[in-house]
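Here is a short, friendly tour of one protein model, with an eye on its charged pairs and on one of its helices. Have the coordinates open as you read.

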Amino acid sequence: MVKHHIYWWNLENLFDIENSPRRSEFLNKHLGKELDGWNATVLNQKITNLTSIISKFNNNQGPDILGVCEVENEFVIELLIASMSAALNKNYAFVISEGDDKRGIDTALIYDKDKYGPEQSTFSLRIIKRNTTRDLFQVHINTENGNKLVCILNHWPSRSGGELESEPFRIMVAENLSYWIERIYEEQGKDANILLMGDFNDNPYNKSITSYLMAINNKALVKSNRVRLKYFYNVMHKFLDAQIGTFVFGNEYNLLDQFMISKSILSEKSELPFKLSTAEIIAYPELTSGSYQKPVKFGRPNSSTFNTKGYSDHLPIKIVLNEKDTSV
């Protein structure tokens with residue numbers, strides 16, 4: 001049996017340096033003073049801090065696959081994977097979806113190139129509201145056993161302006177993602193192995209997740225469902241009463257970062273390759289502070305919360321999928 005250790009982490013504003021030549025003039029103007037003081041020294045410190053945590057993943061062996069968001073461009077991802085590869089003595093590669101987000105932050109998938117090979121089939125979907133949303137980013141991971149895992153990375157519209165006021169935008173993304181998933185099933189069949197990961201900016205019980213994306217906490221319904229193949233099992237429900245969240249606002253725990261799996265991964269049929277093993281929220285002591293285990297953010301030099309010993313305002317999450325070893 002092969003184990004796939006898969007992580008997701010919102011890296012909190014992993015920007016290129018201020019006035020970077022790799023940034024468009026439009027985006028430089030739009031960000032304005034936001035990146036004042038975000039120089040090469042600060043960026044490298046942020047990379048060092050993130051690497052120190054990522055290197056502890058999977059009992060100090062590092063992730064097999066790591067989905068991330070709030071990264072600006074290929075340059076910062078290249079810095080991160082170079083640091084990861086050196087710390088873990090591994091050969092990491094990445095794919096990134098560079099969209100039209102108004103702050104220039106995108107999603108990317110980092111993977112162990114020696115385990116999954118360099119060939120990745122990618123597709124992104126940009127949804128238009130008043131402004132374009134961040135992409136839904138689909139990546140096909142081909143395992144050494146010849147099985148395909150469809151990973152869809154998400155960073156849904158934020159709650160800025162109010163949770164209820166912004167909710168219609170997340171519902172719209174959820175509806176489009178559900179439609180997209182139906183197309184995947186049409187192309188790959190009813191047993192397609194699909195893993196959704198991301199910062200959904202809603203909790204597992206919010207209606208964008210339960211009523212529109214159809215990601216629920218009922219294993220029996222997901223397994224037995226024969227018509228609505230787009231039902232997903234949300235593995236994060238079990239943490240709702242755990243007094244911990246991936247994001248803490250005031251004194252309120254939020255599980256904005258989530259993994260959701262398709263029926264095939266939840267199924268007990270022996271002929272299907274992937275099976276859910278475990279899921280967890282990563283809360284190393286240095287990652288949190290206070291009685292609410294609030295993530296220790298890094299911030300930015302122009303903010304009062306700037307902390308060169310910090311990491312991110314979100315905690316990482318992990319899922320382990322078991323895969324049948326067809327070599328024996």
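This is a predicted model, and a good place to start is Asp64, which forms a salt bridge with Lys115, their closest N and O atoms being 2.7 Å apart. The pair links distant parts of the chain, 51 residues apart: Asp64 lies in the loop between α3 and β2, and Lys115 lies in helix α5 (residues 113–116). In total, the structure holds 14 salt bridges.

**Burial of the Asp64–Lys115 pair**
- Asp64 has a relative accessible area of 0%, so this residue counts as buried.
- Lys115 has a relative accessible area of 33%; that lies between the 20% and 50% cut-offs, so Lys115 is classed as partly exposed.

**A buried pair: Asp202 and Arg170**
- The side chains of Asp202 and Arg170 meet in a salt bridge, with 2.9 Å from N to O.
- Here too the pair links distant parts of the chain, 32 residues apart: Asp202 sits in the loop between β8 (194–199) and α7 (207–212), while Arg170 belongs to helix α6 (residues 163–188).
- Asp202 is buried at a relative accessible area of 0%, and Arg170 is buried at 0% as well.

**A pair with more open partners**- Lys223 forms a salt bridge with Glu268, and their closest N and O atoms are 3.0 Å apart.
- Lys223 is in helix α8 (residues 219–224) and Glu268 is in the loop between α9 (263–266) and β14 (274–281), so this pair links distant parts of the chain, 45 residues apart.
- Lys223 is partly exposed, with a relative accessible area of 32%, whereas Glu268 is exposed, at 67%.

**A shared network**
- Which residues are joined into one network by salt bridges that share partners? They are Arg159, Glu163, Arg170 and Asp202.

**Helix α2**
- Helix α2 covers residues 40–54, and its 15 residues should span 21 Å at 1.5 Å a residue. The end C-alpha atoms are 21 Å apart, which agrees with that expectation.
- At the start of α2, a side-chain oxygen of Asn39 comes to within 3.1 Å of the backbone nitrogen of Thr41.
- The buried residues of α2 are Val42, Leu43, Lys46, Ile47, Asn49, Leu50, Thr51, Ile53 and Ile54.
- An α-helix has 3.6 residues a turn, so residues three or four places apart point the same way.
- What covers the buried residues of α2? The cover includes β1 (2–14), α3 (57–60), β2 (65–71) and α4 (74–88).

Terms used: Residues are numbered from 1 along each chain as its sequence is written. This is a predicted model: local features need pLDDT of at least 70, side-chain atom pairs count only at pLDDT 80 or more; totals for chains, interfaces and linings use all residues. Side-chain values use heavy atoms; hydrogens and water are left out. Helices (H or I, at least four residues) and strands (E, at least two) are DSSP runs, numbered from the N terminus. The expected span of a helix is 1.5 Å times one less than its number of residues. Buried means under 20% relative accessible area, exposed over 50%, partly exposed in between (1.4 Å probe, protein chains only). Contact means heavy atoms within 4.5 Å. A polar contact is a pair of N or O atoms within 3.5 Å; within protein, one must be able to donate a hydrogen and the other to accept it, and residues adjacent in sequence count only if both atoms are side-chain atoms. A salt bridge is a side-chain nitrogen of Lys or Arg within 4 Å of a carboxyl oxygen of Asp or Glu.
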